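This report is for a reader who has not met this structure before. Please look over the sequence and the model, then read on.

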Amino acid sequence: MKLSCPFVSGVCKFALACLMPMLWPLAVYGLAPLAHAQAAPRIGLVLGGGGARGAAHIGVLQKLQELRVPIDCVAGTSMGGLVAGAFSSGLSPTDMQVALRQADWRDMFKDAASYADFTPRLKGFSQSYIPGSEAGVKNGSLRLPSAVLSGQKIKFFIDRLIRADMAPQRVESQHLPLALLTTDIVTGQRRAWRHGDLASLMRATMSVPGLMSPVKYEGLSLVDGGLVDNVPIAEVTDLCRPDVVIAINVGSPLLKAEDIDASPLSVTAQMINLLTEQNVTKSLSLLRPGIDIYIQPDLEGITAADFERRDETIARGYAAATAAQAQLQGLSVSAPHYASWQARVARSDAPQLTLDAVETTGLDAEQARLFTSQMRNKAGAPLDVKALEQDLLRAYGEGRYSNLAYQLARSEDKNILRLYPTEKPWGPNFLRSGLNFAWGSRDDARYNIRLAYQMTQLNRSGGELLLTGQLGADKLLGINWYQPLEAGQPWFAETSGLLSGQTVDLYQAGQAQARFNTEFSEINTGLGLNLGRYGVLKSGLLMRNQKVSTRIGSDSLLPADRSSSTSAWFALADLDRFNSPYFPTEGWRARLMQTQASDYGKLDGSFSQALGFGTYVLTGRVAFTHANKGVLPLSDAAALGGVNNLSGLAYKQLLGSEMRYLGLRSEKIISQMPLGLRGDLRLGLSLEGGSMAQRYSETQGSGLVRSTSVYLGGETLLGPVYLGLAKASDNAARVFLFIGNP
């Protein structure tokens, strides 16, 4: 039977009316999300470079999270590459802010291990030579380090940020498609990385030329990608073909004319800014008006080095994204859709990883075996990243390596920890320099300039030859052979030869009455034991010829015995746990030495302790010299006078055989050196007391000499500096200045 159209139409309308209340919720709550998902645009995020200013990216990400804007791919350069790498690995903006807040950027930019973790031999170099003065001598030419920093601690920070200790981290395996921009410093070519070791490439994109050394990766020397593409819009466009690009520019503006002075640093900074500005202008031309979104936070007053202002910088990034909220709101998705996206890109908890093997690459087989044996992480045990970083920094403290890195790898279902020690490319022979200058208002200025040439790795056991020379008030020419008895073992043999000439004033009643020269030659040889990073024990024999002659003044002021030849036995314990050679904030130092000659015996020692209380530091020191046989010759006499040795007295104003000293320094840290440079500036007060018996100078006096001083002091590029005013018992007040290594 054929139904008429009106009948069918009526039935359809009736069915629809009955079913609509049931179908409507399905349409709204079931089909609507699907329609919304299909309509959601693909979004690409671009994070530009700008050093510390890049913390503003985190503020923008916080706003995007608040507005429920999902990201489909991300590209970054420099600090933008750091944030992009962390974001793609699933780290939330809040966790990023916490990581930046907890990071000690000042310590990270000091780069090397703590002074306390240096070998005893390297500590000696640090005390005698200008920090950072090391240059290499290779194939007859002088080689300099490629940058101020190797980026050692920054690499460790990146490893922790992306959890490189939990599983192998590759660019291509991240939760979001990622591209990191670098520059090949050899060819100047732009290098974009969508595959490779994530931590290494994040470190590479942050390598500001001259500040951080290039990263050697796949045969290339990689530096900051900002030189060629500081806002990589083209890269993100090619990475995931986004419908909308969100580009964030945090680059430093060009310096004003009045800010560009004659210093090389400001001119170099402006040159980098010019290069960056040119490629940024080109990149921004790729943005599509009305489609793409451009955010440039107001970062006036914040420099690329202001890492300690991270919270303020993040807040400014958030404010800039809030200002663009009307545009960003159009990219928002529903709460269920955003939750699904978050679940896809968020980090998942990983079980503690057990190592199947530990390998060292880049060294020959025997050296690699020794290096691996020094690591506390062993095959068959869980990875302890804290111990690993400590062990690598201790190895850095040997002074042999320019960089130490690690990677986790999977091979045949095995977890392999690979260590990558890089020997200094400017070695293995090194040139070091040092200087000191001392002046007091009641004594003549004194200066010394010194140079050392060190030849290392002369044999399989690590033998070293050191040649030293010094010109100035204290002339010196020396040679030292240091020979470990076995590679990687603490026992060593050491032989030294020394020719020296010193000029010292002889004082009476606070005035210099004569000036004498001391000339001596010495050969010593013995055995030693390195006590890890604590210090060294040595014992041996020495032969010394000494001669004292008057240069200015009367010969009657000098002792009758002016020449001597001595054979002696010596024993030395030298321990040092300070965290800085001259301005520590914690630790201690102790020294005890016995010299036993045929005609005299000398025992001298000292102990120092530093305690830090926030920005205050308290340092105490006791010292003594005791002639336990005979009387000390003038050339080997104990001395008091000079900075931190009764500062109110002139240099070596008191000479004799029996010395006692006690000093206490209270200091307030009032400033810090800029990032990348070591040290701080302190305002200090010192209280000192000392006595000298069996005197050669100031023979009319006796008893305790007290000294008080106030000073400005600190660690600088040239070593420690002191400028102060001091007053000692029965002496006029004196202004003093000291700079350099004693």
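## Loops and backbone

Glutamate 412 sits in the loop between strand S12 (401-411) and strand S13. The model described here is predicted. Although glutamate 412 is not a glycine, its phi is positive, at about 55°. Its relative accessibility is 71%, so glutamate 412 counts as exposed.

Serine 78 is another residue other than glycine with a positive phi, near 55°. The loop that holds serine 78 runs between S2 and H3. Is serine 78 buried or exposed? Serine 78 has a relative accessible area of 6% and is buried, as the cut-off for buried is under 20%.

Glycine 132 belongs to the loop between helix H6 (120-128) and strand S3 (135-138). With a relative accessible area of 68%, glycine 132 is exposed. The table sets out these three loop residues.

| Residue | Loop between | Relative accessible area | State |
|---|---|---|---|
| Serine 78 | S2 and H3 | 6% | buried |
| Glycine 132 | H6 and S3 | 68% | exposed |
| Glutamate 412 | S12 and S13 | 71% | exposed |

A further loop, between strand S13 (414-423) and strand S14 (429-440), contains proline 428. The peptide bond that joins glycine 427 and proline 428 is cis, with omega about 10°.

## The disulfide

How many disulfides does the structure hold? It holds one disulfide. A disulfide is a covalent bond between the sulfur atoms of two cysteines. Here the partners are cysteine 73 and cysteine 240, with their sulfur atoms 2.0 Å apart. The angle about the S-S bond is -50°, and the link of cysteine 73 and cysteine 240 is left-handed. Cysteine 73 lies in strand S2 (residues 73-77) and cysteine 240 in helix H9 (residues 233-240), so the pair ties together parts that are 167 residues apart in sequence. Both cysteine 73 and cysteine 240 are buried.

## Helix H4 and its surroundings

Which residues of H4 are buried? Pro93, Met96, Gln97, Ala99 and Leu100 are the buried residues of H4. They cover an arc of only 160° around the axis, so they are on the same side of H4. These buried residues pack against helix H2 (56-66), helix H3 (79-88), helix H5 (105-108), helix H7 (152-161) and H11.

As for H11, the axes of helix H4 (residues 93-102) and helix H11 (residues 310-323) come within 10 Å and cross at roughly 155°. Therefore H4 is roughly antiparallel to H11, since angles over 145 degrees count as roughly antiparallel. In this contact, Gln97, Leu100 and Arg101 of H4 meet Arg310, Asp311 and Ile314 of H11. By type, the residues of the contact of H4 with H11 are two nonpolar, one polar and three charged.

## Helix H8

Why can helix H8 (residues 198-205) be called largely enclosed by the rest of the structure? Eight of the eight residues of H8 are buried, and therefore H8 is largely enclosed by the rest of the structure. The buried residues in H8 are Leu198, Ala199, Ser200, Leu201, Met202, Arg203, Ala204 and Thr205.

One of them, serine 200, can be placed relative to glycine 132: the two are 68 residues apart in sequence and 25 Å apart in space, C-alpha to C-alpha. Of this pair, serine 200 is buried in H8, whereas glycine 132 is exposed.

Key: Residues are numbered from 1 along each chain as its sequence is written. This is a predicted model: local features need pLDDT of at least 70, side-chain atom pairs count only at pLDDT 80 or more; totals for chains, interfaces and linings use all residues. Side-chain values use heavy atoms; hydrogens and water are left out. Buried means under 20% relative accessible area, exposed over 50%, partly exposed in between (1.4 Å probe, protein chains only). Helices (H or I, at least four residues) and strands (E, at least two) are DSSP runs, numbered from the N terminus. Axes are lines fitted to C-alpha atoms, for helices over the stretch in contact, and angles run from 0 to 180 degrees between N-to-C directions. Angles under 35 degrees count as roughly parallel, over 145 as roughly antiparallel, 65 to 115 as roughly perpendicular and the rest as oblique. Contact means heavy atoms within 4.5 Å. Ala, Val, Leu, Ile, Met, Phe, Trp, Tyr, Cys and Pro count as nonpolar, Asp, Glu, Lys and Arg as charged, and the others, Gly among them, as polar. The arc is that of the directions from the helix axis to the C-beta atoms. A disulfide is a pair of cysteine sulfur atoms within 2.5 Å.
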